[in-house]
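Trainee: I would like to go through the terms used for this model, with each value set against its definition. Please start with the helix that has a list of buried residues.

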Amino acid sequence: MQDSVAASPKDQPFSTRQGGSPLVLAIPHAGTYVPDDVRADLNETGRALSDTDWHMDRVYDGLLADVTVVSARFHRYVIDANRDPSGVSLYPGQNTTGLVPLTDFDGTPIWQREPDAPAIAARRAQFHAPYHAALAAELARVKALHGFAILYDCHSIRSEIPFLFNGVLPDFNIGTNHGVTCAPALQATVQRHCAAAQGFSHVVNGRFVGGWTTRHYGQPDQGIHAIQMELAQSSYMQQSPPWDWDEGRATALRAVLGPMLHDIAALDLS
């Protein structure tokens, strides 16, 4: 397995770890890098970076030895790596956040000075595009090795956010855009593990059906199968500052995710 080496998030806004299996893990929202000029424009709410997918790298670290991992190092408030670069909404008619969010997940403004169109275009070129170029390259590489590639998009979110959804989110939120983005065998494998996990709840294509990454890359007829996993943060961490890792919960969660990833990587979707 090979790891990319980056001097700084500004110079290389992603990290890559190459594996030989057909599985590629994408982690678009765990990064916390914010350039100084962008941080200066954020207000106190924005600078708290509360909408980070905290500890995602740690959740999945070491669960599968031969897996490829592509992680964004920049924060979603800089630009959201899981949004359409054109700015089209993921969930028309519903509360959500955009390519460059103007509010946090509670609907509270995050900017003292909102970015204008040229600033957004510059961030898209500096951060969003290189991350997706790296992800596309890894998918192409593993597809060349196996005849197909499986993209598993790693996310987490607080379990209760009234601005975005009602009630309490299930622990495992599986998204395949209603079965469009992957072969039925991939969705069935993930759902089987989640359903068998004692003490955990799950839903398929509920509030989160898969973001832009899943929908953009998930083209089963072209040999690329994509699925999104949105974990409720209550399943592995404390959901308030300082966002601490919960060893007991996380150990139980990883005991579910490890066998799941092994079974995903063993699928033959060629």
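Mentor: In α4 the buried residues are R123, F127, H128, Y131, H132, A134, L135, E138, L139 and V142, where buried means under 20% relative accessible area, exposed over 50% and partly exposed in between, with a 1.4 Å probe and protein chains only. An α-helix has 3.6 residues a turn, so residues three or four places apart point the same way. This is a predicted model, in which local features need pLDDT of at least 70 and side-chain atom pairs pLDDT 80 or more, while totals for chains, interfaces and linings use all residues. Residues are numbered from 1 along each chain as its sequence is written, and side-chain values use heavy atoms, without hydrogens or water.

Trainee: What makes residues 117–146 a helix, and how does the reach of α4 compare with the span expected?

Mentor: Helices are DSSP runs of H or I with at least four residues, and strands are runs of E with at least two, numbered from the N terminus; α4 has 30 residues. The expected span is 1.5 Å times one less than the number of residues, which gives 44 Å for α4, and the 41 Å from its first C-alpha to its last is close to that. The helix also bends by about 40° at R124, the bend being the angle between axes fitted to the seven residues ending there and the seven starting there.

Trainee: Which residue caps the N-terminal end of α4, and what follows the helix?

Mentor: D116 is the cap, since one of its side-chain oxygens lies 2.9 Å from the backbone nitrogen of A119, and a polar contact is a pair of N or O atoms within 3.5 Å, with a possible donor and acceptor within protein, where residues adjacent in sequence count only through side-chain atoms on both sides. Just after α4, G147 has a positive phi of about 90°.

Trainee: Is H55 buried, partly exposed or exposed, and which label does H178 receive?

Mentor: H55 has a relative accessible area of 26%, so it is partly exposed, whereas H178, at 57%, counts as exposed. Neither is a glycine, yet H55 has a positive phi of about 65° and H178 one of about 60°. H55 sits in the loop between α2 and α3, and H178 in the loop between β6 and α5.

Trainee: What label does S235 receive?

Mentor: S235 has a relative accessible area of 5% and is therefore buried. It lies in the loop between β8 and α7, and a polar atom of its side chain is 2.6 Å from the backbone oxygen of A232. P242 is found in the loop between β8 and α7 too, and a cis peptide bond, with omega about 10°, joins it to P241.

Trainee: What makes one space a cavity and another a pocket?

Mentor: On a 1 Å grid over the protein atoms alone, a 1.4 Å probe fits in a cavity but cannot get out, whereas a pocket is an open set with protein on both sides within 12 Å along at least five of seven lines; lining residues have an atom within 4 Å of a point. The search finds 2 cavities of 30 Å³ or more, and the second largest holds about 30 Å³, with F105, R158 and Q233 among its lining residues. The second largest pocket holds about 170 Å³, and α4 gives the largest share of its lining, 5 residues.

Terms used: Points joined across faces, edges and corners; volume = space filled by probe spheres on them.
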